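Colleague: Please take a close look at one part of this model, the largest pocket. I would like to know what lines it and how it sits with respect to the domains.

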Amino acid sequence: MPDLDPALAPVLPRTAEVTPEGHLALGGCDAVDLAKEFGTPLYVFDEEELRATCRAYREAFASRYEQSAVVYAAKAYLGRWLAALVAEEGLGMDVVSGGELAVARSAGFPLERVLFHGSNKSAQELREAVDAGIGRIVIDNFHELGLLDDVAGGLGKRQPVLVRVSPNVDPHTHVKTTTGVLDTKFGFAIEGGQAEEAVVQALARSNLELLGLHCHLGSPIFELDPYRQANDVMIAFAARMGERHGLELREYSPGGGFAVQVLRGEPAPSPGDYAEAVVDSLRAALAREGLGEPSLTVEPGRAIVARAGVALYTVGARKELPGVRTYVSVDGGMADNIRPPMYDSQYAGIVANKPLDERRETITVAGKYCESGDILLKDADLPPLEPGDILALPASGAYNLPMASNYNAGLRPPVVLVRDGEAKLMRHRETYEDLTRADVWPLE
Ligand code: LLP
């Protein structure tokens, strides 16, 4: 049996292969059998790929910078099973809501390794976090600074915090996922003095222990230079804050945003490439400013989970408009993957029951939801598709499921974890009962 197109290997989990029957296999499981057993749409995560990626990121940073921590940004995807796996691999976790924190806690995630982000955390969320003994809270704005000081004081605790700064560096990614520029809702701007004022206030609050500074540029970032620029700006700022206000930079985070390859021929830097760019430029900036080495925290989300996850759909209706376009519909779409309509995200499609067939048609793969914009693949080169074919979209492990909805009362898909030929259900497909569970009914 010939191998898969080598150009597709980097977008699939490393265990991907073609079975003797000519089907796509993931983690030793035939994807067509998985679709049959669990139904579609189905999200398959490859355990070996996940663990190897966690280790690659840990190793890439730890080998270059001893005092470093890799903190998984749970917004990319969170389930109890994944929280447990990430904890086992020695990563921390970045949460952005009371909900994410609750899921992490319910899986027994070590809370000292958790960082709490968010641009408008509520008093309730802050209370839950401080009370639980969360590792660090990343302060985003003045409102939160005062609120957190009160909350921590009320609980009789001194909370370790970082201050989030926007360094005004453009990472050249989608405008909707750009966060570290001047015109953003996130963090304190250096221009105009707000970041300095935040440092002054955080140092003055007796219930806050200011450990250092944080920034996050955007997602996904295919270039290395924005990290270097951000480190220069941030470390120069830290040095000024040290001179003027006595800030001691004990921890520093340049955030996450590391990209993964999603399309053939569009590679992303490796974990080692990112680590080298971050660490080398950080060391150079620290030396230039005469600062000692703080601990370094990075927050990859997408880079940890994207490649491990493959979405499987079943092909249904076909509509041909000669000279215009051919639409083929699948049984999922924007309710399980809003990313194409939201960010014009593209994917590489692979037909799991005939992954080696020649791609001789140009097909637009539509979802099943009632919107013209519900398109998963636009004008993709694919083998001719027939009803019942199983279409796999690789690199679907990040942001699809956490952004999924019940639009058109669709049922959010199940998740299976595959390894060594075994598939384990990690999350059930939702049921019709789930759709009405939160309704007050019958009405009085
Ligand atoms: N740290 C902070 C403070 C963040 O805001 C984010 C992502 C990350 C880390 C992780 O970024 P990553 O390593 O995953 O690139 N929904 C969009 C992505 C939004 C990212 C939001 N913040 C998408 O589907 O592409």
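Modeller: Domain bounds here come from an automatic or database domain assignment. The model is a predicted one. For this protein chain the assignment gives domain 1, made of 6–38 + 308–436, and domain 2, 48–304. The lining of the largest pocket takes at least three residues from each of domain 1 and domain 2.

The space in this pocket comes to about 950 Å³. It is lined by 43 residues, and those closest to its centre are T177, S219, P220, R302 and Y399. Sorted by class, the lining holds 16 nonpolar, 17 polar and ten charged residues. Two helices, α10 (302–305) and α11 (339–343), each supply at least two residues of the lining. The largest share, three residues, comes from α11.

Since both domains contribute to the lining, the contact between them belongs in the same picture. The centres of domain 1 and domain 2, taken over C-alpha atoms, are 32 Å apart. Contact involves 26 residues of domain 1 and 18 residues of domain 2. Between them the two domains bury about 2,300 Å², with 61% of that area on carbon and sulfur atoms. On the domain 1 side, R14, Y343 and Y399 lose the most area to domain 2, together 24% of what that side buries. Y399 thus appears twice, as one of the residues closest to the pocket centre and among those in domain 1 that lose the most area to domain 2.

The count of salt bridges between the two domains is one. R14 also takes part in a salt bridge with E49, the side chains meeting at 2.7 Å, N to O.

Definitions and conventions. Residues are numbered from 1 along each chain as its sequence is written. This is a predicted model: local features need pLDDT of at least 70, side-chain atom pairs count only at pLDDT 80 or more; totals for chains, interfaces and linings use all residues. Side-chain values use heavy atoms; hydrogens and water are left out. On a 1 Å grid over the protein atoms alone, a cavity is a set of points where a 1.4 Å probe fits but cannot get out, and a pocket is an open set with protein on both sides within 12 Å along at least five of seven lines; lining residues have an atom within 4 Å of a point. Grid points are joined across faces, edges and corners, and a volume is the space filled by probe spheres set on the points. Helices (H or I, at least four residues) and strands (E, at least two) are DSSP runs, numbered from the N terminus. Ala, Val, Leu, Ile, Met, Phe, Trp, Tyr, Cys and Pro count as nonpolar, Asp, Glu, Lys and Arg as charged, and the others, Gly among them, as polar. Contact means heavy atoms within 4.5 Å. Buried area is the accessible area (1.4 Å probe) that two parts lose on being put together, summed over both. A salt bridge is a side-chain nitrogen of Lys or Arg within 4 Å of a carboxyl oxygen of Asp or Glu.
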